[in-house]
Amino acid sequence: MAKKYIIIVDDDIQAEAEDKITHFFQAKNANFWHWVHNVWIVIGDTFSITEIRESLRLIHTGTILVFRVDEGKLSGYAHTESSKWLREHWNEGKRYTPDE
């Protein structure tokens with residue numbers, strides 16, 4: 001089963017560093033959501049939480065937070081286009097009710 005991660009970096013990240021982080025996940029063939037400029041929601045099994053942290057540290061010298069989210073339930077509001085990925089991949093097609 002693929003692992004789920006949330007990566008957050010400083011809000012003032014430079015565009016070049018942001019692109020390099022995106023390319024890192026593309027090179028790892030990760031499935032990811034990146035609709036907020038300093039946040040990546042990632043699904044993959046070709047890397048570890050430590051590899052993500054250490055690799056991104058070579059790209060961005062500010063704050064980097066990497067969360068591994070095993071259960072991975074998500075509830076929120078996002079643009080329709082971006083929410084499609086969240087529902088299909090992160091929530092595996094499920095819609096959660098308020099009491100779940």
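This passage walks through the sheet of a predicted model, the helices that pack on it and the nonpolar cores.

A good place to start is the sheet, which is open and built from four strands in the order β2-β3-β1-β4, with antiparallel pairing. The edges are taken by β2 (31–36) and β4; each has a single partner strand, so one side of each is left without a neighbour in the sheet. From one strand to the next, the twist averages 15°. Between β1 and β4, which run antiparallel, there are five bridges. Residue by residue, Ile6 has Phe67 in β4 as its bridge partner.

Helices join the picture next. Helix α2 packs on the sheet, where it touches β1 and β4, and the direction of α2 makes about 165° with that of β4. Helix α3 (residues 80–90) also packs on the sheet; α3 touches β1, β2 and β3, and its direction makes about 150° with that of β2.

Turning to the interior, the largest nonpolar core holds 17 residues, and those with the most contacts inside it are Ile7, Phe25, Trp40, Val42, Ile52 and Leu56. Two or more residues of this core are supplied by each of β1 (3–9), α1 (15–27), β3 (39–44), α2 (49–57) and β4 (64–68). Helix α1 gives the largest share, four residues. Ile52 offers a close-up view: leaving aside neighbours within four places in sequence, Ile52 is in contact with Tyr5, Ile7, Phe24, Phe25, Phe47 and Val66. Apart from this core lies another, of seven residues, including Val39, Ile41, Ile43 and Trp85.

Terms used. Residues are numbered from 1 along each chain as its sequence is written. This is a predicted model: local features need pLDDT of at least 70, side-chain atom pairs count only at pLDDT 80 or more; totals for chains, interfaces and linings use all residues. Side-chain values use heavy atoms; hydrogens and water are left out. A nonpolar core is a set of buried Ala, Val, Leu, Ile, Met, Phe, Trp, Tyr and Cys residues joined through side-chain atoms within 4.5 Å. Buried means under 20% relative accessible area, exposed over 50%, partly exposed in between (1.4 Å probe, protein chains only). Contact means heavy atoms within 4.5 Å. Two strands pair if DSSP finds at least two bridges between them. Axes are lines fitted to C-alpha atoms, for helices over the stretch in contact, and angles run from 0 to 180 degrees between N-to-C directions.
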